[in-house]
Amino acid sequence: MPNSLSILHKLEHPLFDKYQVSVQIKRDDQLHDIISGNKWRKLKYNLTQITEGNYVGALTFGGSYSNHIHAFAYACKLQNIPCIGIIRGEENYANNFTLSWARHWGMRCHFVDRKTYRRRFDTDYLSELKQLYPDYFIIPEGGSNSLAISGVAEVITELNQQTEFDTLLTPVGSGGTLTGLIAGDCNEQYPQHKIVGVAVLKQAEYLLDDIESLLHSRIKSQKTPLLTMHSNWHLLTEFHRGGYGKFSNADVERLLEFNQQTGVIFEPVYSGKMILAMLDLLTHGYFKPGERIVLLHTGGLQGLGGMIEQGRLNSDEWPAPKTVLDGTF
Ligand SMILES: *Cc1c(COP(=O)(O)O)cnc(C)c1O
């Protein structure tokens with residue numbers, strides 16, 4: 001994996017002036033052309049584990065438009081790791097935007113129905129898969145395991161070298177990224193920050209338990225008990241805008257306007273929901289005057305390809321990612 005540091009820059013917007021906050025954006029979306037954002041962070045140590053361990057390949061899970069599947073397939077291609085994707089949905093998704101790339105890069109896709117896909121965390125299903133694919137390293141959906149936490153924690157290390165800030169905002173899907181940020185912020189050398197996750201799915205309260213247990217397993221596994229408990233983090237669950245992958249025309253309009261005003265592209269499934277939440281929080285007085293906010297741009301722009309393909313977004317307004325037919329990246 002190419003090792004690099006993502007840049008941090010200021011965002012300008014009239015509401016930031018009005019409410020006297022400063023907002024910077026950490027551009028993890030620019031870490032890599034294809035292995036975007038938080039998926040790059042989460043895969044980093046997983047890939048080391050696969051290449052240094054005794055594995056013949058890697059297997060993971062995802063939906064048919066998954067950013068994780070897309071990133072994982074390319075990362076495995078870079079490292080010559082045979083890879084398998086257990087994909088929720090039917091065979092006819094194989095040629096959609098995301099999966100045609102993943103397959104182009106060598107991923108073997110196995111389609112399973114919703115009922116089977118729901119078993120993706122069950123130990124008996126995982127042992128079945130281990131028998132089918134012996135010596136494959138299995139990475140959970142979204143890449144969120146303990147190795148991912150270590151990768152994401154490095155965002156905080158970088159930020160502490162780049163700036164002083166009060167509050168960090170991130171979108172939340174499986175919670176792996178938020179957990180990594182919290183874990184990284186338990187550092188004796190620097191003050192802890194307020195870390196705020198914006199859940200993009202409905203009824204995301206169950207994630208609180210997942211995050212706590214991921215944090216606890218990390219505390220147990222650390223050789224040096226550096227970790228002091230972090231209590232200044234929050235999961236906001238009321239900004240999902242109808243559920244995972246859902247958004248209204250008005251949401252898209254507001255986001256397009258924000259993208260135009262700031263010159264940064266946020267898509268409506270993850271990072272865009274963080275932006276819309278931030279704007280609502282601002283006008284409701286959630287941030288104090290003088291508050292120094294950092295937004296984590298988690299990437300996910302390949303997702304625009306699928307949404308344009310499905311007619312959910314307009315290709316005149318959104319930058320269409322390249323298709324396989326356009327040639328290689
Ligand atoms: C996967 C993804 C997330 C969610 O990350 P989790 O670690 O699953 O919470 C956020 N933003 C983007 C762009 C993603 O692709």
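Helices here are DSSP runs of H or I with at least four residues, numbered from the N terminus, and by that reckoning N160 sits in helix α7, residues 146-162.

**Figure 1. A close-up of N160 in helix α7 of this predicted model.** The asparagine counts as buried, with a relative accessibility of 11%. Setting aside residues up to four places away in sequence, N160 touches F165, Y190 and H193. These three partners are good ones to display alongside N160.

**Figure 2. A close-up of T177 in helix α8.** This helix covers residues 176-184. T177 has a relative accessible area of 5%, and because the cut-off for buried is under 20%, T177 is buried. Its contacts, not counting residues up to four places away in sequence, are N38, K42, V152, T170 and L296.

**Figure 3. The largest nonpolar core.** Here you can follow 37 residues, among which I275, M278 and L295 have the most contacts inside the core. Several elements each supply at least two residues: the helices α1 (14-18), α10 (249-262), α11 (271-283) and α12 (303-309), together with the strands β2 (22-26), β8 (194-199) and β10 (292-296). Helix α11 gives the most, with eight residues. As a general background, nonpolar side chains tend to be buried together in soluble globular proteins.

**Figure 4. A close-up of M278 and its contacts.** M278 is one of the residues with the most contacts inside the largest nonpolar core. Leaving out neighbours within four places in sequence, M278 is in contact with F16, V23, L169, F258, F287 and L295. L295 is also named among the residues with the most contacts inside that core.

**Figure 5. A second nonpolar core.** This core is separate from the one above and holds 29 residues. Its members include A73, F97, W105 and M107.

**Figure 6. The whole chain, as a setting for the close-ups.** The protein has twelve helices and ten strands. Its radius of gyration is 19 Å, close to the 20 Å that the globule rule gives for 329 residues, so the protein is as compact as a globular protein of that length. The C-alpha trace spans about 55 × 55 × 35 Å along its principal axes. Of the 329 residues, 56% count as buried. Among contacts with a separation of 6 or more, 76% come from residues 24 or more positions apart. The accessible surface comes to about 15,100 Å², and 48% of it belongs to carbon and sulfur atoms. As for charge, the mean positions of the 31 positive and 35 negative charges are 3 Å apart.

Terms used
Residues numbered from 1 in each chain as written. Predicted model: local features only at pLDDT ≥ 70, side-chain atom pairs only at ≥ 80, totals over all residues. Heavy atoms only, no water. Rg over C-alpha atoms; globule rule 2.2 N^0.38 Å. Buried < 20%, exposed > 50% of the residue type's maximum accessible area, 1.4 Å probe, protein only. Contact = heavy atoms within 4.5 Å. Areas by Shrake-Rupley, 256 points an atom, 1.4 Å probe, with all protein chains shown as cover. Lys, Arg positive; Asp, Glu negative; His and termini not counted. Charge placed at Lys NZ, Arg CZ, Asp CG, Glu CD. Core = buried A, V, L, I, M, F, W, Y, C linked by side-chain atoms within 4.5 Å.
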